[in-house]
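Thanks for asking me to look this one over. Here are my notes, set out point by point so you can check them against the model on your screen.

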Amino acid sequence: MSPSPSVQESSHSQKPFLATLDGHAVGKPPVWLMRQAGRYLPEYRAIRCKAESFLNFCYTPALATEATLQPIRRFGFDAAILFSDILVVPDALGQKVSFETGEGPRLDALTSPDAIERLSELSFNRLAPVFETIERVKTSLPHETAFIGFCGAPWTVASYMIAGRGTPDQAPARLFAYRYPEAFQLLIDKLIEASIAYLSQQIETGVDAVQIFDSWAGVLPAREFERWCLQPVTKIISGVRMRHPFARIIAFPRGGASHISSFALRTGANAIGLDTAVDPAWVTQFVPPNVVLQGHLDPLVLIAGGQAQDMAVKEILSAYWNRSHIFNLGHGILPQTPVEHVEALLRQIRSSEA
Ligand code: CP3
């Protein structure tokens, strides 16, 4: 099978984000922010009320396209991220998903092994509006701006599917995995297969790179981290590369701590997303220099702004100046973030020098 034209033909020399992701650039980093489209933007709040639910918003290409482009217009980030959610995958597997205002996601919890067997095949029909959004965004992005697709990693998505909601430590899914390891493995395998198909289709439709969000990797003991995070993400990456050998993939095992180095090397990801808690000095010493880094300013620093922000940004810039680094937050931007602090962040990064 031949690699997708979008991956092969996109010239990274015109897109700083891709040059860095390919390990060809050091020094002043390209920048985008996780959750860069969202409630901290007045223009997002203005269009958010046009859809009756968040899921409908994600499945309305005109709105999702507009939300994807808003932060690019306002800030000129080096990459746009598709506006959608990781929970469209359970929705497309036939599980009921909704978002309650102020409360986060609600799913019909999978409480028994039978419920896992009853899940359907991934419905590309249900996901069709997401692919239409990719097509629309693709035609409107500035040529220097890269386009990122994404999915949730199997462990993180499964943890919402089992609990039916976000929890502080994803205890319901951890307990389910200890009690019913075979059924849980079946769920993870279904999600691996769905993620390979979903990411491949995103690449075929036109994204330049994809990110796999393992937001809940940090709650697992080492053995479970290996089985439920590292192995599934490795399988997704090799599955996507069977179809698209040059696919660019960023893995974000949030809370992966001392596992992140082997995570980067063993999964074969092009870059590793670092979270807020990782120490830059540790990264410099223990993550091999050929591993491309993304991250990892504390999102709370961007709310505080001022001197705290100035110092924290400087620390990250200087720690990774000599290696390929994409500037980002250590987790998603928070709704309380003042847009002026994002502007100050970009000024500081763009005027930085060795
Ligand atoms: O980064 C982007 O700008 C693209 C869009 C994006 C969203 N969710 C939009 C969203 C992405 C990449 C995600 C990923 C996502 N969704 C993750 C992984 C990253 C992470 O934050 O850990 C997770 C765990 C989810 C599940 C999810 N979606 C939760 C827990 C919530 C509720 C929390 C909240 O912020 O409200 C959502 C809702 C959600 N997803 C919103 C947005 C903009 C807010 C809903 C709204 O605007 O009404």
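The points below go through the sheet, the hairpin, the pocket and cavity, and a few backbone details.

1. Status of the model. Please keep in mind throughout that this is a predicted model.

2. The main sheet. Seven strands make up an open sheet, and their order is β1-β4-β5-β6-β7-β8-β9, with parallel pairing. β1 (79–81) and β9 (325–329) are the edge strands; each has a single partner strand, so one side of each has no neighbour in the sheet. From one strand to the next, the twist averages 25 degrees.

3. The β9 edge. Strand β8, residues 292–297, pairs with β9 in the parallel sense over 5 bridges. If you want a residue pair to click on, the bridge partner of H296 in β9 is N328. Helix α16, residues 306–319, packs on the sheet here and touches both β8 and β9. The direction of α16 makes about 170 degrees with that of β8.

4. A cis peptide in β8. H296 deserves a second look, since a cis peptide bond joins G295 and H296, with omega about -20 degrees. H296 itself lies in strand β8. As background, most peptide bonds are trans.

5. T20 and its contacts. Is T20 buried or exposed? T20 has a relative accessible area of 3%, under the 20% cut-off, and therefore counts as buried. This residue sits in helix α2, residues 16–21. Leaving aside residues up to four places away in sequence, T20 touches A25, P30, V292, S324, H325 and I326.

6. The hairpin. β2 (97–100) and β3 (104–107) pair in the antiparallel sense over 4 bridges. V97 has L107 as its bridge partner in β3. The two strands form a hairpin with 3 residues between them, and G102 in the turn has a positive phi of about 75 degrees.

7. The largest pocket. Its volume is about 1300 Å³. The lining has 42 residues, and R35, R39, F54, D85 and F99 lie nearest the centre. By class, the lining holds 21 nonpolar, 12 polar and 9 charged residues. Both hairpin strands take part: β2 and β3, along with α3 (42–48) and α9 (154–163), each supply at least two lining residues. β3 gives the largest share, with 3 residues.

8. The cavity. How many cavities of 30 Å³ or more are there? The count comes to 1, and the space in the largest cavity is about 30 Å³. Its lining consists of V89, C151, G152, A153, P154, V157, L191 and S195. Two or more of these residues come from each of β4 (146–152), α9 and α11 (181–205). The lining divides into 6 nonpolar and 2 polar residues, with no charged ones.

9. Two positive phi values in loops. Most residues other than glycine have a negative phi. Q170 is not a glycine, yet its phi is positive, about 50 degrees; A257, also not a glycine, has a positive phi of about 45 degrees. Q170 is placed in the loop between α9 and α10 (171–179), while A257 is in the loop between β6 (249–253) and α13 (260–267). What sort of exposure does each have? Q170 counts as buried, at 0% relative accessibility, whereas A257 is partly exposed, with a relative accessible area of 44%.

Terms used. Residues numbered from 1 in each chain as written. Predicted model: local features only at pLDDT ≥ 70, side-chain atom pairs only at ≥ 80, totals over all residues. Heavy atoms only, no water. 1 Å grid on protein atoms, 1.4 Å probe; cavity = no way out; pocket = protein on both sides within 12 Å on 5 of 7 lines; lining within 4 Å. Points joined across faces, edges and corners; volume = space filled by probe spheres on them. Nonpolar A, V, L, I, M, F, W, Y, C, P; charged D, E, K, R; others polar. Pairing = 2+ DSSP bridges. Axes fitted to C-alpha atoms, helices over the stretch in contact; angles between N-to-C directions. Contact = heavy atoms within 4.5 Å. Buried < 20%, exposed > 50% of the residue type's maximum accessible area, 1.4 Å probe, protein only.
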